Amino acid sequence: MPSGSFSDPLSTHNRSRDRRSYVNGEMIRGITNGDDAVLVSENFIGANDGVGAWAQKPKGHAALWSRLILHFWALEAERDQSVTSAVSTSTEPTPVAYLQKAYEQTLEATSAPNEWKGTTTACGALLHHMQGQASSKPILYVTNLGDSQVVVLRPETEEIIYKTTEQWHWFDCPCQLGTNSPDTPKANAVMDKVEAEEGDVVLAMSDGVVDNLWEHEILENVRHSMQQWASGKVAGAMANGTADGKGRMLYVARELMKAARRIAEDPYAESPFMERAVEEGLAMEG
(Lines give C-alpha, C1' and ligand atoms only; values in the text may rest on other atoms or scores of the structure.)
Protein backbone atom coordinates (compact mmCIF):
# COMPACT_ATOMS: atom_id res chain seq x y z
CA MET A 1 0.00 0.00 0.00
CA PRO A 2 1.59 3.34 -0.99
CA SER A 3 2.54 5.47 2.00
CA GLY A 4 0.84 8.41 0.28
CA SER A 5 -2.44 6.96 1.45
CA PHE A 6 -1.61 8.35 4.89
CA SER A 7 -0.15 11.71 3.85
CA ASP A 8 -3.21 13.90 3.32
CA PRO A 9 -4.63 15.93 6.22
CA LEU A 10 -8.18 15.37 7.36
CA SER A 11 -10.71 17.81 5.97
CA THR A 12 -11.38 18.87 9.57
CA HIS A 13 -7.77 20.00 10.08
CA ASN A 14 -8.67 23.69 10.33
CA ARG A 15 -11.94 23.97 12.22
CA SER A 16 -11.73 27.76 12.47
CA ARG A 17 -12.88 28.11 8.86
CA ASP A 18 -16.26 26.71 7.91
CA ARG A 19 -15.75 24.96 4.57
CA ARG A 20 -18.56 22.49 4.98
CA SER A 21 -20.20 21.50 1.72
CA TYR A 22 -23.86 20.85 0.98
CA VAL A 23 -25.75 18.72 -1.51
CA ASN A 24 -29.51 18.88 -2.04
CA GLY A 25 -29.71 21.25 0.92
CA GLU A 26 -28.07 18.78 3.31
CA MET A 27 -24.63 19.26 4.85
CA ILE A 28 -22.45 16.44 3.55
CA ARG A 29 -21.89 13.88 6.30
CA GLY A 30 -18.53 12.42 7.20
CA ILE A 31 -14.98 13.62 6.62
CA THR A 32 -12.49 13.14 3.79
CA ASN A 33 -8.91 11.89 4.09
CA GLY A 34 -7.17 12.00 0.73
CA ASP A 35 -9.52 10.11 -1.61
CA ASP A 36 -11.16 8.18 1.23
CA ALA A 37 -14.20 9.06 3.35
CA VAL A 38 -15.21 8.00 6.85
CA LEU A 39 -18.38 8.54 8.85
CA VAL A 40 -19.41 7.71 12.40
CA SER A 41 -22.89 8.34 13.78
CA GLU A 42 -24.87 7.00 16.72
CA ASN A 43 -25.63 3.69 15.03
CA PHE A 44 -23.73 3.71 11.72
CA ILE A 45 -20.04 3.54 10.83
CA GLY A 46 -18.62 3.49 7.32
CA ALA A 47 -15.37 3.74 5.36
CA ASN A 48 -15.18 4.25 1.59
CA ASP A 49 -11.88 3.96 -0.26
CA GLY A 50 -11.77 6.25 -3.29
CA VAL A 51 -9.55 5.03 -6.15
CA GLY A 52 -6.71 7.55 -6.33
CA ALA A 53 -5.89 6.90 -10.01
CA TRP A 54 -8.82 9.14 -10.96
CA ALA A 55 -6.74 12.15 -9.91
CA GLN A 56 -4.75 11.70 -13.13
CA LYS A 57 -7.81 11.80 -15.36
CA PRO A 58 -9.88 14.77 -16.62
CA LYS A 59 -12.74 15.53 -14.23
CA GLY A 60 -11.49 12.79 -11.89
CA HIS A 61 -12.60 13.22 -8.28
CA ALA A 62 -12.58 9.94 -6.35
CA ALA A 63 -12.77 11.80 -3.02
CA LEU A 64 -16.11 13.30 -4.01
CA TRP A 65 -17.46 9.91 -5.02
CA SER A 66 -16.40 8.19 -1.80
CA ARG A 67 -17.78 11.02 0.36
CA LEU A 68 -21.11 11.40 -1.46
CA ILE A 69 -21.90 7.69 -1.44
CA LEU A 70 -21.19 7.53 2.28
CA HIS A 71 -23.27 10.68 2.88
CA PHE A 72 -26.30 9.44 0.96
CA TRP A 73 -25.95 5.97 2.50
CA ALA A 74 -26.13 7.39 6.03
CA LEU A 75 -29.08 9.62 5.07
CA GLU A 76 -31.06 6.68 3.72
CA ALA A 77 -30.51 4.80 6.98
CA GLU A 78 -31.63 7.84 8.98
CA ARG A 79 -34.81 8.17 6.94
CA ASP A 80 -35.85 4.52 7.32
CA GLN A 81 -38.43 4.25 10.09
CA SER A 82 -37.42 0.66 10.78
CA VAL A 83 -34.10 2.07 11.99
CA THR A 84 -35.16 5.29 13.71
CA SER A 85 -38.73 4.72 14.89
CA ALA A 86 -39.41 4.37 18.61
CA VAL A 87 -42.54 2.39 17.84
CA SER A 88 -42.29 -1.38 18.19
CA THR A 89 -41.66 -2.99 14.81
CA SER A 90 -40.50 -6.29 13.43
CA THR A 91 -39.18 -4.67 10.24
CA GLU A 92 -35.48 -5.12 9.54
CA PRO A 93 -33.26 -2.44 8.01
CA THR A 94 -32.08 -2.97 4.42
CA PRO A 95 -28.58 -1.47 4.17
CA VAL A 96 -27.91 -2.85 0.67
CA ALA A 97 -31.02 -1.02 -0.57
CA TYR A 98 -29.79 2.13 1.21
CA LEU A 99 -26.43 1.78 -0.55
CA GLN A 100 -28.12 1.22 -3.92
CA LYS A 101 -30.11 4.43 -3.45
CA ALA A 102 -26.95 6.26 -2.37
CA TYR A 103 -25.16 5.03 -5.50
CA GLU A 104 -27.99 6.25 -7.73
CA GLN A 105 -28.08 9.64 -5.99
CA THR A 106 -24.31 9.99 -6.40
CA LEU A 107 -24.58 9.18 -10.10
CA GLU A 108 -27.15 11.94 -10.43
CA ALA A 109 -25.15 14.45 -8.38
CA THR A 110 -21.97 13.87 -10.43
CA SER A 111 -23.63 13.96 -13.87
CA ALA A 112 -23.70 16.92 -16.28
CA PRO A 113 -23.64 19.85 -15.88
CA ASN A 114 -21.60 19.05 -12.71
CA GLU A 115 -19.77 16.06 -14.12
CA TRP A 116 -17.15 14.37 -11.93
CA LYS A 117 -15.69 10.92 -12.43
CA GLY A 118 -14.48 8.45 -9.84
CA THR A 119 -14.90 5.08 -8.17
CA THR A 120 -14.88 3.87 -4.58
CA THR A 121 -15.23 0.78 -2.48
CA ALA A 122 -17.81 0.84 0.32
CA CYS A 123 -18.15 -0.82 3.70
CA GLY A 124 -20.36 -0.02 6.65
CA ALA A 125 -22.02 -1.40 9.77
CA LEU A 126 -25.48 -0.44 11.03
CA LEU A 127 -26.39 -1.23 14.64
CA HIS A 128 -30.04 -2.16 15.10
CA HIS A 129 -32.17 -3.56 17.90
CA MET A 130 -35.59 -5.01 17.11
CA GLN A 131 -38.08 -2.90 19.03
CA GLY A 132 -40.27 -4.81 21.49
CA GLN A 133 -37.78 -7.65 21.92
CA ALA A 134 -36.08 -6.79 25.18
CA SER A 135 -34.33 -10.14 25.45
CA SER A 136 -32.79 -10.08 21.98
CA LYS A 137 -29.25 -8.93 21.31
CA PRO A 138 -28.46 -5.94 19.12
CA ILE A 139 -27.59 -6.88 15.57
CA LEU A 140 -24.91 -5.40 13.33
CA TYR A 141 -25.96 -5.26 9.69
CA VAL A 142 -22.60 -5.26 7.93
CA THR A 143 -22.41 -4.40 4.23
CA ASN A 144 -19.36 -4.59 1.98
CA LEU A 145 -18.45 -4.00 -1.64
CA GLY A 146 -14.74 -4.12 -2.49
CA ASP A 147 -11.60 -4.59 -0.41
CA SER A 148 -12.23 -2.33 2.55
CA GLN A 149 -13.17 -4.25 5.68
CA VAL A 150 -15.44 -4.22 8.69
CA VAL A 151 -13.94 -6.15 11.60
CA VAL A 152 -15.73 -6.87 14.88
CA LEU A 153 -13.47 -7.49 17.88
CA ARG A 154 -14.38 -8.87 21.28
CA PRO A 155 -11.57 -7.65 23.58
CA GLU A 156 -12.99 -9.49 26.60
CA THR A 157 -12.30 -12.85 24.96
CA GLU A 158 -9.40 -11.63 22.82
CA GLU A 159 -10.94 -12.70 19.54
CA ILE A 160 -12.10 -11.46 16.18
CA ILE A 161 -15.71 -12.59 15.90
CA TYR A 162 -16.34 -11.34 12.38
CA LYS A 163 -14.68 -9.77 9.36
CA THR A 164 -15.90 -9.07 5.86
CA THR A 165 -14.50 -10.90 2.84
CA GLU A 166 -12.66 -8.84 0.24
CA GLN A 167 -14.13 -8.72 -3.26
CA TRP A 168 -11.74 -8.53 -6.21
CA HIS A 169 -12.02 -8.63 -9.99
CA TRP A 170 -8.32 -9.46 -10.03
CA PHE A 171 -5.32 -8.72 -7.82
CA ASP A 172 -5.29 -5.08 -6.69
CA CYS A 173 -8.49 -4.34 -8.60
CA PRO A 174 -11.36 -4.51 -6.11
CA CYS A 175 -15.04 -4.32 -6.84
CA GLN A 176 -15.99 -0.64 -6.81
CA LEU A 177 -18.83 1.77 -7.43
CA GLY A 178 -18.66 4.56 -9.97
CA THR A 179 -17.56 5.61 -13.42
CA ASN A 180 -17.22 2.78 -15.97
CA SER A 181 -17.54 0.12 -13.24
CA PRO A 182 -19.96 -2.78 -13.84
CA ASP A 183 -20.49 -3.21 -10.10
CA THR A 184 -23.64 -2.10 -8.29
CA PRO A 185 -24.77 -2.54 -4.68
CA LYS A 186 -27.85 -4.47 -5.75
CA ALA A 187 -25.80 -7.00 -7.73
CA ASN A 188 -22.52 -7.15 -5.83
CA ALA A 189 -22.77 -5.90 -2.23
CA VAL A 190 -22.76 -8.54 0.49
CA MET A 191 -24.64 -8.07 3.77
CA ASP A 192 -24.15 -10.15 6.91
CA LYS A 193 -25.87 -9.99 10.30
CA VAL A 194 -23.66 -10.22 13.38
CA GLU A 195 -24.85 -10.53 16.98
CA ALA A 196 -23.17 -7.83 19.03
CA GLU A 197 -22.43 -7.63 22.74
CA GLU A 198 -21.58 -4.73 25.03
CA GLY A 199 -17.87 -4.07 24.84
CA ASP A 200 -17.45 -5.21 21.23
CA VAL A 201 -15.36 -2.95 19.00
CA VAL A 202 -16.44 -2.34 15.40
CA LEU A 203 -13.78 -1.20 12.94
CA ALA A 204 -14.48 0.07 9.42
CA MET A 205 -11.16 0.27 7.56
CA SER A 206 -9.80 0.89 4.10
CA ASP A 207 -7.04 -1.28 2.67
CA GLY A 208 -4.58 1.24 4.08
CA VAL A 209 -4.92 -0.72 7.31
CA VAL A 210 -5.67 -4.27 6.20
CA ASP A 211 -2.93 -4.27 3.51
CA ASN A 212 -0.35 -3.46 6.18
CA LEU A 213 -1.48 -5.26 9.35
CA TRP A 214 -2.46 -8.87 9.84
CA GLU A 215 -5.61 -9.70 11.79
CA HIS A 216 -3.78 -10.65 14.97
CA GLU A 217 -1.84 -7.39 14.84
CA ILE A 218 -5.06 -5.37 14.54
CA LEU A 219 -6.57 -7.23 17.50
CA GLU A 220 -3.47 -6.79 19.66
CA ASN A 221 -3.09 -3.12 18.74
CA VAL A 222 -6.69 -2.33 19.67
CA ARG A 223 -6.49 -4.29 22.94
CA HIS A 224 -3.25 -2.57 23.92
CA SER A 225 -4.62 0.90 23.14
CA MET A 226 -7.75 0.25 25.18
CA GLN A 227 -5.65 -0.98 28.11
CA GLN A 228 -3.41 2.10 27.88
CA TRP A 229 -6.46 4.33 27.97
CA ALA A 230 -8.03 2.48 30.89
CA SER A 231 -4.80 2.72 32.88
CA GLY A 232 -4.77 6.52 32.57
CA LYS A 233 -1.44 6.54 30.73
CA VAL A 234 -2.77 8.59 27.82
CA ALA A 235 -1.80 12.21 28.40
CA GLY A 236 -2.51 15.44 26.58
CA ALA A 237 -5.52 17.07 24.97
CA MET A 238 -6.99 13.79 23.74
CA ALA A 239 -7.55 12.61 27.30
CA ASN A 240 -9.67 15.64 28.22
CA GLY A 241 -13.46 15.83 27.96
CA THR A 242 -13.95 12.15 27.18
CA ALA A 243 -16.69 11.05 29.55
CA ASP A 244 -18.78 9.85 26.61
CA GLY A 245 -16.07 7.45 25.42
CA LYS A 246 -15.41 9.22 22.13
CA GLY A 247 -11.89 10.15 23.17
CA ARG A 248 -11.05 6.51 23.82
CA MET A 249 -12.18 5.41 20.39
CA LEU A 250 -10.35 8.30 18.75
CA TYR A 251 -7.17 7.24 20.52
CA VAL A 252 -7.64 3.59 19.49
CA ALA A 253 -8.23 4.58 15.85
CA ARG A 254 -5.18 6.84 15.73
CA GLU A 255 -2.91 4.23 17.27
CA LEU A 256 -4.11 1.68 14.72
CA MET A 257 -3.50 4.12 11.87
CA LYS A 258 0.01 4.89 13.13
CA ALA A 259 0.84 1.17 13.27
CA ALA A 260 -0.33 0.70 9.68
CA ARG A 261 1.57 3.77 8.56
CA ARG A 262 4.84 2.51 10.06
CA ILE A 263 4.59 -0.65 7.95
CA ALA A 264 3.52 1.25 4.82
CA GLU A 265 6.56 3.53 5.03
CA ASP A 266 9.06 0.73 5.73
CA PRO A 267 10.34 -0.70 2.40
CA TYR A 268 11.64 -3.82 4.20
CA ALA A 269 8.57 -4.65 6.27
CA GLU A 270 6.52 -7.75 5.55
CA SER A 271 2.82 -7.12 5.07
CA PRO A 272 -0.39 -8.87 3.96
CA PHE A 273 -0.26 -6.90 0.68
CA MET A 274 3.29 -8.07 -0.02
CA GLU A 275 2.29 -11.65 0.79
CA ARG A 276 -0.63 -11.53 -1.67
CA ALA A 277 1.57 -9.94 -4.34
CA VAL A 278 4.13 -12.74 -4.00
CA GLU A 279 1.33 -15.29 -4.29
CA GLU A 280 0.40 -13.61 -7.59
CA GLY A 281 3.97 -13.98 -8.82
CA LEU A 282 4.87 -10.31 -8.37
CA ALA A 283 8.21 -9.26 -6.90
CA MET A 284 7.43 -6.74 -4.18
CA GLU A 285 8.88 -5.45 -0.94
CA GLY A 286 6.95 -3.86 1.95
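In this predicted model, isoleucine 139 has glutamate 195, in β14, as its bridge partner. That pair belongs to a longer match, since β8 and β14 run side by side in the antiparallel sense over six bridges. The points below begin with the sheet that holds these strands, then turn to the helices, the nonpolar cores, one buried threonine and a few backbone details.

**The sheet**

- The strands β3, β4, β5, β7, β8 and β14 follow one another in that order in an open sheet of six strands, with antiparallel pairing.
- At the edges of this sheet lie β3 (31-33) and β14 (190-195), each of which pairs on one side only.
- From one strand to the next, the twist averages 15 degrees.
- As general background, strands of a sheet pair through backbone hydrogen bonds, and the pairing can be either parallel or antiparallel.

**Helices across the sheet**

- The helix α1 lies across β3, β4, β5 (44-49), β7 and β8, and it runs at about 160 degrees to β5.
- The helix α3 lies across β7, β8 and β14, and its direction is at about 40 degrees to β8.

**The nonpolar cores**

- In soluble globular proteins, nonpolar side chains tend to be buried together.
- The largest nonpolar core in this model has 26 residues, and those with the most contacts inside it are Phe44, Leu70, Trp73, Leu99, Leu126 and Leu177.
- Two or more residues of this core come from each of β4 (36-40), α1 (62-79), α3 (95-109), β7 (122-128) and β8 (139-145), and α1 gives the most, with eight residues.
- Leucine 99, one of the residues with the most contacts inside the core, touches Ile69, Trp73, Ala122, Thr143, Leu177, Pro185 and Ala189, when residues up to four places away in sequence are not counted.
- Apart from this largest core lies another one, of 16 residues, which includes Leu153, Leu213, Met226 and Ala260.

**A buried threonine**

- Threonine 120 lies in strand β6, and it counts as buried because its relative accessible area is 0%, where buried means under 20%.
- The side chain of threonine 120 reaches the backbone oxygen of aspartate 49 at 3.3 Å.
- Leaving aside residues up to four places away in sequence, threonine 120 touches Asn48, Asp49, Gly50, Trp65, Ser66, Ile69, Gln176 and Leu177.

**Backbone details in the loops**

- Most residues other than glycine have a negative phi, and most peptide bonds are trans, which is the background for the points that follow.
- Asparagine 24, in the loop between β1 (22-23) and β2 (26-27), has a positive phi near 50 degrees although it is a residue other than glycine.
- Asparagine 24 counts as exposed because its relative accessibility is 67%, and exposed means over 50%.
- Asparagine 180, in the loop between β13 (177-178) and α4 (185-188), is not a glycine either, yet it has a positive phi of about 65 degrees.
- With a relative accessible area of 73%, asparagine 180 is exposed.
- A cis peptide bond joins alanine 112 and proline 113, with omega at about 5 degrees, and proline 113 is found in the loop between α3 and β6 (119-120).

How values were computed. Residues numbered from 1 in each chain as written. Predicted model: local features only at pLDDT ≥ 70, side-chain atom pairs only at ≥ 80, totals over all residues. Heavy atoms only, no water. Core = buried A, V, L, I, M, F, W, Y, C linked by side-chain atoms within 4.5 Å. Buried < 20%, exposed > 50% of the residue type's maximum accessible area, 1.4 Å probe, protein only. Helix = DSSP H or I, 4+ residues; strand = E, 2+ residues; numbered from the N terminus. Contact = heavy atoms within 4.5 Å. Polar contact = N/O pair within 3.5 Å; in protein donor to acceptor, adjacent residues only side chain to side chain. Pairing = 2+ DSSP bridges. Axes fitted to C-alpha atoms, helices over the stretch in contact; angles between N-to-C directions.
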